[in-house]
Amino acid sequence: QVQLVESGGGLVQAGGSLRLSCAASGNVFSINRWDWYRQAPGKQREWVAQITDSGDSYYANSVKGRFTISRDNAKNTVSLQMNSLKPEESAVYYCNVGVRRGVPGPPGYWGQGTQVTVSS
């Protein structure tokens, strides 16, 4: 089992920055990828960014160049630095991890989410 706890959400003005963190505990050695998703009210959850266990990172086109995902292996934490935030990016941001094939249990885990509100 893996437990995830997000932090760092809050209220920021348009154009501002926030840094989200996702801390994992439990069977962290089973994790092979970390993702951030977001979900605004009335909208589907959308993928934002990913970092793999090899360190490769990927971004949704809408955030490329403004968001940076990074990993601290020693702390079992992944962060999402968000710059130049827009009001339409207000949402609950969720951390999701994938588990290596063959590890017993679910294929992935979700955190509880952290609210990001960008005021215009």
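Start by selecting β4 (31-39) and β7 (67-72): each of these strands supplies at least two residues of the lining of the largest pocket. Strands here are DSSP runs of E with at least two residues, numbered from the N terminus. A pocket is found on a 1 Å grid over the protein atoms alone, as an open set of points with protein on both sides within 12 Å along at least five of seven lines, and a lining residue has an atom within 4 Å of a point.

Before going on, a word on what you have open. This is a predicted model, in which local features need pLDDT of at least 70 and side-chain atom pairs count only at pLDDT 80 or more, while totals for chains, interfaces and linings use all residues. Residues are numbered from 1 along each chain as its sequence is written, and side-chain values use heavy atoms, with hydrogens and water left out.

**The pocket**

Now show the whole lining of the largest pocket: V28, F29, I31, W34, D53, R71, D72, N73, N76 and R100. Color these residues by class and you get four nonpolar, two polar and four charged. For the coloring, Ala, Val, Leu, Ile, Met, Phe, Trp, Tyr, Cys and Pro count as nonpolar, Asp, Glu, Lys and Arg as charged, and the others, Gly among them, as polar. The space in this largest pocket comes to about 200 Å³, where a volume is the space filled by probe spheres set on grid points joined across faces, edges and corners.

Keep N76 selected for a moment. This pocket-lining residue sits in the loop between β7 and β8, and its phi is near 50°, a positive value in a residue other than glycine. Most residues other than glycine have a negative phi. N76 is partly exposed, at 27% relative accessible area; buried means under 20%, exposed over 50%, and partly exposed in between, using a 1.4 Å probe and protein chains only.

Click K75, which is in the loop between β7 and β8 too. K75 is exposed, with a relative accessible area of 62%. Want a long line across the view? Draw one from the C-alpha of K75 to that of S120: they are 35 Å apart in space and 45 residues apart in sequence.

For another positive phi, go to S84, in the loop between β8 and β9. Its phi is about 50°, although S84 is not a glycine, and with a relative accessible area of 38% it is partly exposed.

**The cavity**

Next, select Q1, V2, N27, S30, V99, V103, P104, P106 and Y109, which line the largest cavity. A cavity is a set of grid points where a 1.4 Å probe fits but cannot get out. The structure holds one cavity of 30 Å³ or more, and the volume of the largest is about 30 Å³. What classes of residue make up its lining? There are six nonpolar, three polar and no charged residues.

Q1 deserves a click of its own. It lies in the segment before β1 and is exposed, with a relative accessible area of 58%. From its C-alpha to that of Q50, 49 residues along the chain, is 20 Å.

**Paired strands and a disulfide**

Turn to β1 (residues 2-7) and β3 (residues 18-26), which run antiparallel and are joined by six bridges. Two strands pair if DSSP finds at least two bridges between them. To see one bridge, pick L4 and its partner A24 in β3. Then add β8 (residues 77-82), which pairs with β3 in the antiparallel sense, again over six bridges. Here L20 has L80 in β8 as its bridge partner.

Stay in β3 and show C22 as sticks, along with C95: a disulfide joins them, S to S 2.1 Å. C22 lies in β3 and C95 in β9 (residues 91-99), so the pair ties together parts that are 73 residues apart in sequence. A disulfide here is a pair of cysteine sulfur atoms within 2.5 Å, and the structure holds one. Which hand does it have? The torsion about the S-S bond of C22 and C95 is about -80°, so the disulfide is left-handed. C22 counts as buried at 0% relative accessibility, and C95 counts as buried at 1%.

**Last stop**

Finish at T114, in strand β11 (residues 114-119). T114 is buried, with a relative accessible area of 10%. A polar atom of its side chain lies 3.2 Å from the backbone nitrogen of G9.

Technical notes:
Helix = DSSP H or I, 4+ residues; strand = E, 2+ residues; numbered from the N terminus. Polar contact = N/O pair within 3.5 Å; in protein donor to acceptor, adjacent residues only side chain to side chain.
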